[in-house]
Amino acid sequence: MLTKATPKPPRWQRSNYSPLTRQIDVFSAAAKLLCDLLCDKTLGQDSPSHRNSRAQWLVEKLLDLGPTFIKIGQSLSTRADLIPLEYVQALSQLQDRVPPFSGQDAIAVIESELGNSIYALYRDFNPQPLASASLGQVHKARLHTGEDVVVKVQRPGIEKLFNLDFEVLHRLVRFANRYLPGFKKYDMEAIYQEFFELLYQEIDYIHEGKNADRFRENFDKYPRIFVPKVYWKYTTRKVLTLEYLPGIKIDDRETMETCGINTNEVIQLGICCYLKQLLEDGFFQSDPHPGNMAVTQDGSIIFYDFGTMAEVKSIAKDQMIKTFFAILRKDTDEVVNTLTYMGLIEPVSDMKPVKRLVAFILDKFRDKPIDIKEFEKLGSEIYLMFEQQPFRLPPQMTFILKSLTTLDGIARALNPEYNLLAASQPFVKSLTVSKGQGKAIRELARQAGEFIKQKWQQPSGTEIILRRLESRIEEGELEIRVRSLGSDRTLKRIHLAIKSLIYACLTGFTLLAGTVLLLSPQTKWAIVAFSFSGFWFFILLYSLIQLGIKERLDKFIDK
Ligand SMILES: Nc1ncnc2c1ncn2[C@@H]1O[C@H](COP(=O)(O)OP(=O)(O)OP(=O)(O)O)[C@@H](O)[C@H]1O
């Protein structure tokens, strides 16, 4: 009889996976990535297609390294302020391609967490999962009281793996901070702490249950928004029992149309619901991917997954209206003030670069309604500005950008012609104004009207440039850069010296890795590491020779 060969479990899932092997796997992946990036830089290989293939390699490597690294990739995909566009795009497609675990393992977790046998807890339990992801999987079940539920079960051993990776990654961050000067500017220690805090929250289902309760309360008066009820008696840190609320996947236009659901109404409901989360409640689902929302037969929206919620300071309605008109008037200062108040922009001593970026974005939408597709077109320009600016976006802002682009993708899947401004009308209309504020609002509306009228009598392009130059000189913002030849040469020498230092570190690091591997004993890998070491040594020699020649040349010119 032919038996189907069972696929080998990934390395990180094997019981004999030692901390040392994990450390070697992680460090060698990081070293390869770094070497590739340095090689590209040295050889000037910086085309988008080249970056794209590097990004694809990274996606495969993260999948191979397992849940912690899949999550790192997913959260990096929101950090447009830290990594290049091609990486953002590749990492956004990082799906949870982790194999499900067996129904028996899931039952074992439930029984040990809830302290009873599975059929004492549930009348029925389907061992075949409904869905599975990197951190857990979802099973359908029925309570003895007759209610249909889903049971979300955490992947066995995930906490142990996180604890191990917590240590390994800390070592890697400390190493990078110490020996790779280029990494200092990224504040890796803070990013690492931020990341693991979120990760540990995500594997605490009690936290997720509380978030679901809070979210449901916020939408108490919205009959078309559904949030599954939490069955607290059957919930622990590793098991979450929720009311079963099936629905059509939110980007499945065909099924919705077959069921006679008006997709434009779904888009409107989704966008208004998101604006309420963001602006009124200050508590929003930071990862609204299509698997986290569904649509009922009557076109209502169901939300699943409250493991990754983000918080911002909510703003009062009058402040919202002020900001709305400020956007219409392209009033950069007012918009920046509101974003800073909400904690979406970090106040820094020099706010000019931030204001320039906001003004740039507002300016791009001078004549058209805000359309996220425009953001895509602007993508490379904005990314370039991010690269040049000395500021880092707070994570909340990156969550919002990511959520907006994901929502936009879902809305476009339902109706490619949809318009964000039109879809948000019901929310804007819901901002009723109290009596005392009427006068101020009328004044703001008048100013916005004046501004829009002025657009018909716009000055010529040259005039605009001159006016901008004038105002930038007035603000003391325009710097005249005088660079002396001497300082340029010194800078080049410093650059070369730093490069040599990095090559020396890489030579030492690969030599060390080779020695550790030889002692493990992993002779094959040790040879690979030693060959890398030899390679970096030659690059180091070449760089040192260049440095020597440069110094002699500079001395000669100075004479
Ligand atoms: N209460 C529910 N009723 C019906 N189906 C549900 C319910 N909760 C979750 N599901 C189904 O299970 C899938 C995964 O759920 P959920 O997103 O909560 O899991 P997850 O492990 O956090 O996954 P991911 O990390 O990919 O978001 C959902 O897309 C949905 O199809």
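Helices here are DSSP runs of H or I that span at least four residues, and strands are runs of E with at least two, both numbered from the N terminus. With that in hand, welcome to a short tour of this predicted model.

**Figure 1. Leucine 76 sits in helix 3, which covers residues 67-76.** A residue counts as buried once 20 or more other C-beta atoms lie within 10 Å of its own. Leucine 76 has 20 such atoms within 10 Å, so this residue is buried. Look for Ile83 and Leu91 in this view: leucine 76 is in contact with both, once its neighbours within four places in sequence are set aside. Valine 88 can be found here too, 12 residues away from leucine 76 in sequence, with a C-alpha to C-alpha separation of 7.2 Å.

**Figure 2. Strand 3 pairs with strand 1 and with strand 2.** Strand 1, made of residues 122-125, runs antiparallel to strand 3, and 3 bridges link the two. Start at tyrosine 122, whose bridge partner in strand 3 is leucine 143. Strand 2, residues 131-132, is also antiparallel to strand 3, here with 2 bridges. In that pairing, serine 132 faces glutamine 137 of strand 3. Strand 2 leads into strand 3 by a hairpin, and 3 residues make the connection. As background, strands of a sheet pair through backbone hydrogen bonds, in either a parallel or an antiparallel way.

**Figure 3. Strand 3 and strand 4 form a hairpin with 4 residues between them.** Strand 4 takes in residues 148-154, and its antiparallel pairing with strand 3 comprises 7 bridges. One place to look is arginine 142, which stands opposite aspartate 148 of strand 4. Pause also at glycine 146 in this hairpin, where phi is positive, near 100°.

**Figure 4. An open sheet brings together 4 strands in the order 5-10-9-7.** The pairing in this sheet is mixed. At its edges are strand 5 (225-226) and strand 7 (248-249); each has a single partner strand, so one side of each lacks a neighbour in the sheet. Further in, strand 9 (residues 293-295) and strand 10 (residues 301-303) are antiparallel and share 3 bridges. Follow methionine 293 across to strand 10 and you will meet phenylalanine 303 opposite.

**Figure 5. The ligand is surrounded by 19 residues.** The closest of them are Ala131, Ala133, Pro228, Gly291 and Asp305. Two elements, strand 3 (136-143) and strand 6 (239-243), each give two or more residues to this shell. Sorted by class, the shell holds 12 nonpolar, 4 polar and 3 charged residues. For the complex, the predictor reports an ipTM of 0.96 and a pTM of 0.69.

**Figure 6. Residues 455-488 have a pLDDT under 50.** In the model, this stretch has 7 contacts beyond four places in sequence. Where pLDDT is low, predicted coordinates should not be read in detail. For the protein, the average pLDDT is 77, and 72% of the residues reach at least 70.

**Figure 7. Stepping back, the protein has 22 helices and 11 strands.** Its 559 residues include 25% that count as buried. Among contacts with a separation of 6 or more, 66% come from residues 24 or more positions apart.

Terms used. Residues numbered from 1 in each chain as written. Predicted model: local features only at pLDDT ≥ 70, side-chain atom pairs only at ≥ 80, totals over all residues. Near = placed C-beta within 6 Å. Nonpolar A, V, L, I, M, F, W, Y, C, P; charged D, E, K, R; others polar. Pairing = 2+ DSSP bridges. pLDDT = per-residue confidence, 0-100. Contact = placed C-beta atoms within 7 Å. Buried ≥ 20, exposed ≤ 12 C-beta atoms within 10 Å, placed from the backbone.
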